[in-house]
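User: Hi! I am new to reading protein structures. Could you take one part of this one and walk me through it slowly?

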Amino acid sequence: YLNFGRENAGLIITPGVGATTVRALRLTTANDTVGRYPTQYELYGTNEPITSLENSAGTDDNWTLISNGELNLPGDPTIVNDQRNVEGPIIEFANSTAYTSYKILFPDNKGPDNGAGVNSIQFSEIELFVPEPGTAGLLLGAGMLALARRRRRA
C-alpha cells in the first residue's frame with residue numbers, strides 16, 4: 001500500500017464474507033523508505049452501503065470509531081534499508097459489533113517531514129483479525145470440564 005496523500009491517507013475494506021467483528025489489526029512494513037511507515041491509526045466501521053467515490057476521502061459515509069492509537073512499526077528512519085518487510089505487533093482492542101465495511105486512516109508517518117522519501121504512507125500488508133467461530137464456546141466448555149473434574153475429586 002502506497003498513498004501519496006500522506007497525512008490521513010487510508011483505505012476502505014469490505015470483507016467478502018459479510019459482517020465481521022474485528023478485534024485486532026497488524027501492519028507489515030514495506031520494502032521502501034522507513035519514514036513512510038505510519039505511526040498512528042484510526043479504525044472505523046459501518047453497516048451502511050459505501051457511497052464515497054473511489055480514491056476520495058471516504059467522508060460521504062457514516063462511520064463509527066472502533067479504535068485508534070499509536071503504531072510501533074519497527075524501523076529507524078535514519079538507517080538505510082532498516083526493518084523492511086517485517087510484521088509489526090498485533091494491536092488488540094475491545095469491539096463487540098460486527099460491521100460490513102471498515103475504514104482505516106493513518107494520521108501521520110515516521111518522517112521526517114521533508115524530502116521525497118517521506119511524502120506518503122506506505123506498508124506492505126494490513127491484517128484485520130476476527131475471533132474464530134466457536135472459540136469462546138470451546139474455551140468456556142474446557143473451563144467447565146476442568147471445574148467438573150475438580151468437583152468429582154473433592
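The part I would like to hear about is the aromatic rings.

Analyst: Happy to help! Keep in mind that this is a predicted model. The structure holds three aromatic pairs, and one of them joins Tyr1 and Phe123. The two rings of this pair are stacked, with 4.8 Å from centre to centre and 25 degrees between their planes. Planes under 30 degrees apart count as stacked, so the angle fits that label.

Now find the two partners along the chain. Tyr1 lies in the segment before strand E1 (2-3), while Phe123 lies in the loop between strand E8 (121-122) and strand E9 (125-129), so their pairing ties together parts that are 122 residues apart in sequence. Are these two residues buried or exposed? Phe123 is buried, with a relative accessible area of 2%. Tyr1, at 28% relative accessibility, counts as partly exposed. The pair also belongs to a wider group: Tyr1, Phe106 and Phe123 form one aromatic cluster.

Another ring to look at is that of Tyr44. The charged end of Lys103 sits over this ring, 5.4 Å from its centre. Tyr44 falls within strand E4 (residues 40-46), which pairs with E5 in the antiparallel sense over six bridges. Also in E4, Leu43 has Ser67 of E5 as its bridge partner. These strands belong to an open sheet of four, in the order E2-E7-E4-E5, with antiparallel pairing. At its edges are strand E2 (9-13) and strand E5 (64-70), each pairing on one side only. From one strand to the next, the twist averages 15 degrees.

How values were computed
Residues numbered from 1 in each chain as written. Predicted model: local features only at pLDDT ≥ 70, side-chain atom pairs only at ≥ 80, totals over all residues. Heavy atoms only, no water. Pairing = 2+ DSSP bridges. Helix = DSSP H or I, 4+ residues; strand = E, 2+ residues; numbered from the N terminus. Axes fitted to C-alpha atoms, helices over the stretch in contact; angles between N-to-C directions. Phe/Tyr/Trp six-rings, centres within 6.5 Å; stacked < 30°, edge-to-face > 60°. Buried < 20%, exposed > 50% of the residue type's maximum accessible area, 1.4 Å probe, protein only. Lys NZ or Arg CZ within 6 Å of the ring centre and 35° of its normal.
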